[in-house]
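Student: I should like to examine how the descriptive terms applied to a protein model are justified. Could we take them in turn?

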Amino acid sequence: DGSYTGDADSFYVSFWFKMAKDYSDRYGDGTRMMVVAGDPNGTTASSNYLEIKFDNKYNAKVSIRTRESYPSYRSCAQSKDCGDDFGLIYNTIAPRLDPNIWHHVEMTLRARPEDYMDEWFYVIDGDTANPSQGGSYYKTQQYDEGRYMYVNRVSFVALYDADDPQKKGIYFDDINYKAYDSSDPNVVLDEYSTSFE
């Protein structure tokens, strides 16, 4: 968009998660959590949409999905003419994960604001042979409005009533993120990590 001045064009996030609910009754609890790249103020989801969900049904498995722009990220972002209702297409990238064990998620942003085509790549449980690719869902409206929002943190957002005692939520651990330029990935410009155990 002619005004991108960031030193890094790539943002890498990794974390582990496990459902908090006791699965002995084999029912999910309806927990849904969004994990997204956030803006520098830490107040706005500014790029991708990744959701972890554990349906409230018998023999439920955990799934991970992204939300994509309609009719496609390319047509929305590059036309800059999708308006407020740019649709929602869910793309499940991991359909049947065991709720009893820890799972590893890696997500990588490659910023391409000059092309209106920021890209996200996802790897679940180390399956690098089958990465998933998605667009930057929250960028669509920004492009429509002629602006570009930077990314430098990760946000975890509950998509359920946190006061509902039936929803047990998700454990997260070993959260890491870093910024670097794709031309030299070994040079990390900034990074953060935390562990809870």
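The dialogue below sets computed values against the cut-offs behind each term, for a model that is predicted.

Student: What makes the contact between Glu51 and Arg65 a salt bridge?

Tutor: The side chains of these two residues meet at 3.3 Å, N to O. A salt bridge requires a side-chain nitrogen of Lys or Arg within 4 Å of a carboxyl oxygen of Asp or Glu, so the pair qualifies. Glu51 lies in strand E3 (residues 50–54) and Arg65 in strand E4 (residues 62–68), so the bridge ties together parts that are 14 residues apart in sequence.

Student: Why is Glu51 called buried?

Tutor: Its relative accessible area is 0%. Buried means under 20%, so Glu51 falls into that class. Arg65, at 14% relative accessibility, also counts as buried.

Student: How many salt bridges does the whole structure hold, and what makes the one between Asp55 and Lys53 qualify?

Tutor: A search of the whole structure finds six. In the pair of Asp55 and Lys53, the closest N and O atoms are 2.8 Å apart, and this lies within the 4 Å limit, so the pair is a salt bridge. Lys53 is buried, with a relative accessible area of 12%, whereas Asp55 is partly exposed at 28%.

Student: Why are Asp164 and Lys167 called partly exposed?

Tutor: Asp164 has a relative accessible area of 22%, and Lys167 has 21%. Buried requires under 20% and exposed over 50%, with partly exposed in between, so both residues receive the middle term. These two residues form a salt bridge in which the closest N and O atoms are 3.0 Å apart. Elsewhere, salt bridges that share partners join Arg32, Glu51 and Arg65 into one network.

Student: What makes E2 and E3 a pair of strands?

Tutor: Five bridges link E2 and E3 in the antiparallel sense. Pairing needs at least two bridges, so the criterion is met. Within this pairing, Arg32 stands opposite Lys53 in E3. E2 also pairs with strand E9 (residues 153–158), in the antiparallel sense over six bridges, and there Met33 stands opposite Ala158.

Student: How do you know that strand E2 is mostly covered?

Tutor: Strand E2 (residues 31–38) has eight residues, and seven of them are buried.

Student: Which strands stand at the edges of the open sheet, and why are they regarded as edges?

Tutor: The sheet has six strands in the order E8-E7-E6-E1-E10-E11, with antiparallel pairing. Strand E8 (132–134) and strand E11 (188–194) each have a single partner strand, so one side of each is left without a neighbour in the sheet. Neighbouring strands of this sheet are turned by 15° against each other on average, direction ignored.

Student: How do you know that E1 and E10 are paired?

Tutor: Nine bridges join strand E1 (residues 10–19) to strand E10 (residues 170–180), and the two run antiparallel. The requirement is at least two bridges, so they count as a pair. Ser14 stands opposite Asn176 in E10.

Student: What makes the approach of Asp9 to Ser10 a polar contact?

Tutor: The two side chains make this contact at 2.9 Å. The limit is 3.5 Å, and residues adjacent in sequence count only if both atoms are side-chain atoms, so this side-chain pair is accepted. Asp9 is found in the segment before E1 and is buried, with a relative accessible area of 11%.

Student: What makes the phi angles of Asn59 and Asp125 worth remarking?

Tutor: Asn59 has a positive phi of about 60° although it is not a glycine. Likewise, Asp125 is not a glycine and has a positive phi of about 55°. Asn59 lies in the loop between E3 and E4, and Asp125 in the loop between strand E7 (119–124) and E8. Asn59 counts as partly exposed at 34% relative accessibility, as does Asp125 at 38%.

Student: Why can Trp102 belong to a surface patch when it is termed partly exposed?

Tutor: Patch residues need over 30% relative accessible area, and Trp102 has 31%, so it passes that cut-off while remaining partly exposed. Trp102 is found in the loop between strand E5 (89–97) and strand E6 (103–110). Together with Trp16 and Tyr171, Trp102 makes a nonpolar surface patch of about 300 Å².

Note on methods
Residues numbered from 1 in each chain as written. Predicted model: local features only at pLDDT ≥ 70, side-chain atom pairs only at ≥ 80, totals over all residues. Heavy atoms only, no water. Patch = residues over 30% accessible without salt bridge, like charges linked within 9 Å, V, L, I, M, F, W, Y side chains within 5 Å. Areas by Shrake-Rupley, 256 points an atom, 1.4 Å probe, with all protein chains shown as cover. Helix = DSSP H or I, 4+ residues; strand = E, 2+ residues; numbered from the N terminus. Buried < 20%, exposed > 50% of the residue type's maximum accessible area, 1.4 Å probe, protein only. Axes fitted to C-alpha atoms, helices over the stretch in contact; angles between N-to-C directions. Polar contact = N/O pair within 3.5 Å; in protein donor to acceptor, adjacent residues only side chain to side chain.
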